[in-house]
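I opened the file to check confidence, then the cores, then one serine. My notes follow.

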Amino acid sequence: MSSIILPPKWRAPERQITPESVYHNRREFLKVLGAAGMGIAGACYASPAWSATRLFDLDDFLEDPHLKTDFKKIDNLKRNAAYTAGRPVSEEEKALTYNNFYEFTSAKDGVWKLVEQFKPRPWKLEIAGHVEHPAVYEIDDLIRAMPIEERVYRHRCVERWAMVVPWNGFPMKALIDKVRPTHKAKYVRFVSFLDPEVAPGQKNNFQLPWPYTEGLTLAEAMNELTFLSTGIYGHIQPAQHGAPIRLVTPWKYGYKSIKSIVKIEFVETRPRTFWNTLAPHEYGFVSNVDPDVPHPRWSQKFEKMIGTGEVFPTQKFNGYGEWVSSLYT
Ligand SMILES: Nc1nc2c(c(=O)[nH]1)N[C@H]1C(S)=C(S)[C@@H](COP(=O)(O)O)O[C@H]1N2
Ligand SMILES: [Mo]
């Protein structure tokens, strides 16, 4: 597997790849995904594509009339000083143009070019399952009702790239306190949107277990670090970062931080999740960042910052053990 060289077509947006030619079935997909994973992870260290990623003009991007409304600055945003990343914040244009969002494409530098049809507003978020107050919120009503703050967190993708970004949003605990889970609630299940008409990855790769889902234990969901992010870099969430609302669990690998959530359900049993369903031996349910537990296809000892390319040793719990290690004793 590790000797497979990433075909150039994997760098193209997936909509240019015929499903028949690449995804014969799930096994084939996993094989190809494995190759892509290696290629991408390899690119972190070897390929000039990593260092020479073409930068576009952020000002032009922000001026794009279609996107403009998504970038409204948030007034009176206060940074929570309890969380410091110990590294400089990553360049916004890097974070905006290097994303994992398989609903659109598996090409990280292609997501931002494919989100134009995606309309994050109006948007409803449903809270369901074992709660005293199930609800369907219109997203902006929820944002107005919540204690919005800014938090600078480290982010660590399982593929070894990392970044530091200022999220804005509210602690998940504030929402949990509002809806009041009953004693039956043991886990929280998160569901992302399903709309193959606007998400080419869902259309082309229809055999994947869409919609993207994730899960936490109730205790993890109530941890003070667990954040529902409705924006980034001082403004409203752009599509590529998971507009209008996405989860952020900074001590876990990035795939746990599900984007564009439509439903949060409080359930009794451990929910199935997208990546765990596809490749259970590679992507566990818990998925805490741990340098001593290698991915089956690569070491997790180091990570590389997007933008600067700096390499750091991976930290257990991504450096957030002080807040979360007691969850796992
Ligand atoms: N719905 C959805 N959420 C998702 C993903 C995805 O493909 N679909 N990718 C995950 C992965 S692997 C990572 S690393 C982060 C990336 O977040 P970013 O693009 O905002 O940096 O989103 C996570 N959330
Ligand atoms: Mo990731």
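I looked first at residues 1-29: pLDDT (the predictor's confidence in each residue, from 0 to 100) stays under 50 there, and this predicted model has 52 contacts (heavy atoms within 4.5 Å) beyond four places in sequence for them. For residues 31-56, pLDDT again stays under 50, with 55 contacts beyond four places in sequence. Where pLDDT is low, the coordinates should not be read in detail. For the protein I noted a mean pLDDT of 84, with 79% of residues at 70 or more.

My conventions: residues are numbered from 1 along each chain as its sequence is written, chains are lettered from A and ligands numbered from 1 in the order written. In this predicted model local features need pLDDT of at least 70, side-chain atom pairs count only at pLDDT 80 or more, totals for chains, interfaces and linings use all residues, and side-chain values use heavy atoms, leaving out hydrogens and water.

Next I looked up the nonpolar cores (sets of buried Ala, Val, Leu, Ile, Met, Phe, Trp, Tyr and Cys residues joined through side-chain atoms within 4.5 Å; buried is under 20% relative accessible area, 1.4 Å probe, protein chains only). The largest has 72 residues, of which Met172, Leu175, Ile264 and Phe266 touch the most other members. Strand 4 (a DSSP E run of at least two residues, numbered from the N terminus), residues 161-171, gives the most to this core, five residues. A second, separate core of five residues includes Val152, Ala162, Val164 and Met305.

Last, I checked serine 257, in the loop between strand 9 (246-248) and strand 10 (261-267). Serine 257 counts as buried because its relative accessible area is 6%.

Note on methods
Helices (H or I, at least four residues) and strands (E, at least two) are DSSP runs, numbered from the N terminus. Buried means under 20% relative accessible area, exposed over 50%, partly exposed in between (1.4 Å probe, protein chains only).
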